[in-house]
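Q: I would like a close look at a single part of this model, followed by an account of how that part sits among its surroundings. Please take the pairing of the strands as the starting point and work outwards from there.

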Amino acid sequence: MKEADSIKGKIERYLLKNENPVDISDNLAGRIVVDSSDVPIQLNNLKRNFRVISDGIDDFFKNPTEWGYEGINVKVKLPNGQLAEIQIHTPRSLEIAIKLHPFYEKWRNRDMSKLTSSQKEEFLDDFQKSQKILKEIKAISKELPPGTIPPRRDVVPEPSPAPRAVPTEKAPPI
């Protein structure tokens, strides 16, 4: 459940865009974290088990945001009529989301055309920091792109012959 300040900010953004706050779908949200090869399976599970809102699937694996957010956000209507958002993440995309979210939060409600020179410099500095974090996470991650079938693990290579024991001198007593 979103914090009260977050809900208030979201309502204000909807009203500024002449959108109905009743349509806010992520006040109630959940995350599923799976290996990249299981992302399509989980998306199909959500489609089978929930009423997905039309145009309610945003695939940020295929089209990451300018801040680098990846994941699949699925808007659903629960049996009680409540709208909710379920995010599908991989361990890497969740780490990216957690580490980059403070930058996104700081700048998402700002009118970029009204920033002062020092605010523009601060924005560019934050954006560069976020991209450095994103690059570092991706560099150390060996994660395959979502939907990629990983190499078979049931194929075990022939074992190498065991090394021969070489006689050694007896270790001195301690």
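Which residue in strand 4 does Val74 stand opposite?

A: In this predicted model, the residue of strand 4 that stands opposite Val74 is Ile86. The setting of that pair is the pairing of strand 3 with strand 4, the latter spanning residues 83-89, and these two strands run in the antiparallel sense over six bridges. Five residues lie between the strands of this hairpin, and among the residues of the hairpin Gly81 takes a positive phi near 95°. As a general point, the side chains of a regular strand alternate between the two faces of the sheet.

Strand 3 also pairs with strand 2, again in the antiparallel sense, here over five bridges. Within that pairing, Arg51 has Lys77 of strand 3 as its bridge partner. Another residue to consider beside this region is Ala29, which belongs to strand 1, residues 29-33. Although 46 residues separate Ala29 from Lys75 in sequence, their C-alpha atoms are 9.1 Å apart in space. Ala29 counts as partly exposed because its relative accessible area is 44%.

Moving outwards, the loop between strand 2 (51-59) and strand 3 (72-77) carries Trp67, which forms a pair with Phe123 of helix 4, so that parts 56 residues apart in sequence are tied together. The two rings meet edge-to-face, with 5.8 Å from centre to centre and 85° between the planes, and both Trp67 and Phe123 are buried. Phe123 has a further aromatic partner in Trp107, again edge-to-face, with a centre-to-centre distance of 5.3 Å and planes at 85°. Since Trp107 lies in helix 3 and Phe123 in helix 4, this pair ties together parts that are 16 residues apart in sequence. Trp107 counts as buried because its relative accessibility is 2%, below the 20% limit used for that label. Ring pairs link Trp67, Trp107, Phe123 and Phe127 into a cluster, and the structure holds five aromatic pairs.

The helices that contribute Trp107 and Phe123 also pack against each other. Helix 3 (residues 91-107) and helix 4 (residues 117-140) meet at an angle of about 180°, and their axes are 10 Å apart. That angle makes helix 3 roughly antiparallel to helix 4, because angles over 145 degrees are classed in this way. On the side of helix 3, the contact includes Arg92, Glu95, Ile96, Phe103 and Trp107, while helix 4 contributes, among others, Gln119, Glu122, Phe123, Asp126 and Ile133. By character, the residues of this contact divide into eight nonpolar, two polar and eight charged.

Seen as a whole, the protein chain has four helices and four strands, arranged from the N terminus in the order α-β-α-β-β-β-α-α. Of its 174 residues, 28% are buried. Among the contacts between residues at least 6 apart in sequence, 59% join residues at least 24 apart. To return to the starting point, Val74 faces Ile86 as its opposite residue in strand 4, within a hairpin pairing that is built over six bridges.

Notes: Residues numbered from 1 in each chain as written. Predicted model: local features only at pLDDT ≥ 70, side-chain atom pairs only at ≥ 80, totals over all residues. Heavy atoms only, no water. Axes fitted to C-alpha atoms, helices over the stretch in contact; angles between N-to-C directions. Parallel < 35°, antiparallel > 145°, perpendicular 65-115°, else oblique. Contact = heavy atoms within 4.5 Å. Nonpolar A, V, L, I, M, F, W, Y, C, P; charged D, E, K, R; others polar. Phe/Tyr/Trp six-rings, centres within 6.5 Å; stacked < 30°, edge-to-face > 60°. Buried < 20%, exposed > 50% of the residue type's maximum accessible area, 1.4 Å probe, protein only. Pairing = 2+ DSSP bridges.
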